[in-house]
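Here is a short set of questions and answers on how labels are assigned from coordinates.

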Amino acid sequence: DLCGLSSPLIGRLVDRMPRRWSMAGGLVVIAVGTTLAAASNGLVLFTVGLTTVSLAKIVFDVGLGAWIADHVPFARRGRVVGITETSWALGLLVGVSLLGLITAVSSWRVAYIVATAGVGLMAVVILRRIPAEPARVAAGGVVEVGRLPASGWWAVLGMFGLMSAAQTLF
């Protein structure tokens with residue numbers, strides 16, 4: 001959860017990238033993280049793998065949200081985001097259950113390898129199905145990147161407090 005605090009920095013990076021590459025790149029780096037986790041023989045490499053997955057998921061999520069904002073008319077955006085969130089939840093339910101079954105009949109390492117293959121396959125699907133587009137640039141050739149206003153840091157602190165409270169319960 002602490003990786004989520006890097007979202008403002010990762011968002012600035014993703015804003016400089018074409019949406020297609022941020023989504024596919026995020027998935028490829030998730031595959032790298034799951035490979036590291038599967039190959040780990042100790043806590044340190046496993047933690048590095050899971051941290052890599054968490055950071056790369058932020059790249060994917062921000063890229064997907066930006067792609068939706070760029071391509072879906074505002075009047076339909078709520079429905080599209082709702083379908084995207086529902087599919088994410090359904091994918092988590094089915095995926096975690098499937099990986100749990102794979103772990104039960106083999107090992108947790110095999111489950112991570114299967115997850116790596118699935119994420120890699122989805123990166124290929126994104127690269128094939130989403131047309132290439134340049135990153136958004138201003139008239140002067142500079143990438144348009146917004147700044148977080150000072151008042152926005154209150155939202156960051158609030159989310160940190162909410163996350164901390166939730167983790168305290170666990």
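The turns below set values against cut-offs.

This is a predicted model, in which local features need pLDDT of at least 70, side-chain atom pairs count only at pLDDT 80 or more, and totals for chains, interfaces and linings use all residues. Residues are numbered from 1 along each chain as its sequence is written, and side-chain values use heavy atoms, with hydrogens and water left out.

Q: What makes Asp70 and Arg19 a salt bridge?
A: A salt bridge needs a side-chain nitrogen of Lys or Arg within 4 Å of a carboxyl oxygen of Asp or Glu. The closest N and O atoms of Asp70 and Arg19 are 2.7 Å apart, so the pair qualifies. The partners sit 51 residues apart, Asp70 in helix H3 and Arg19 in helix H2; helices are DSSP runs of H or I, at least four residues, numbered from the N terminus.

Q: Why is Arg19 called buried, and why is Asp70 called partly exposed?
A: Buried means under 20% relative accessible area, exposed over 50%, and partly exposed in between (1.4 Å probe, protein chains only). Arg19 has 11% relative accessibility, so Arg19 counts as buried. Asp70 has 30%, and therefore counts as partly exposed.

Q: How do you know that Asp61 and Lys57 form a salt bridge?
A: Their closest N and O atoms are 2.5 Å apart, which meets the salt-bridge cut-off. Because they are four residues apart in helix H3, about one helical turn separates Asp61 and Lys57.

Q: Why does Arg20 have no salt bridge with Glu133?
A: Glu133 is the nearest side chain of opposite charge, but lies 9.0 Å away, so the pair fails the cut-off.

Notes
Lys and Arg count as positive and Asp and Glu as negative; His and the chain ends are not counted. Helices (H or I, at least four residues) and strands (E, at least two) are DSSP runs, numbered from the N terminus.
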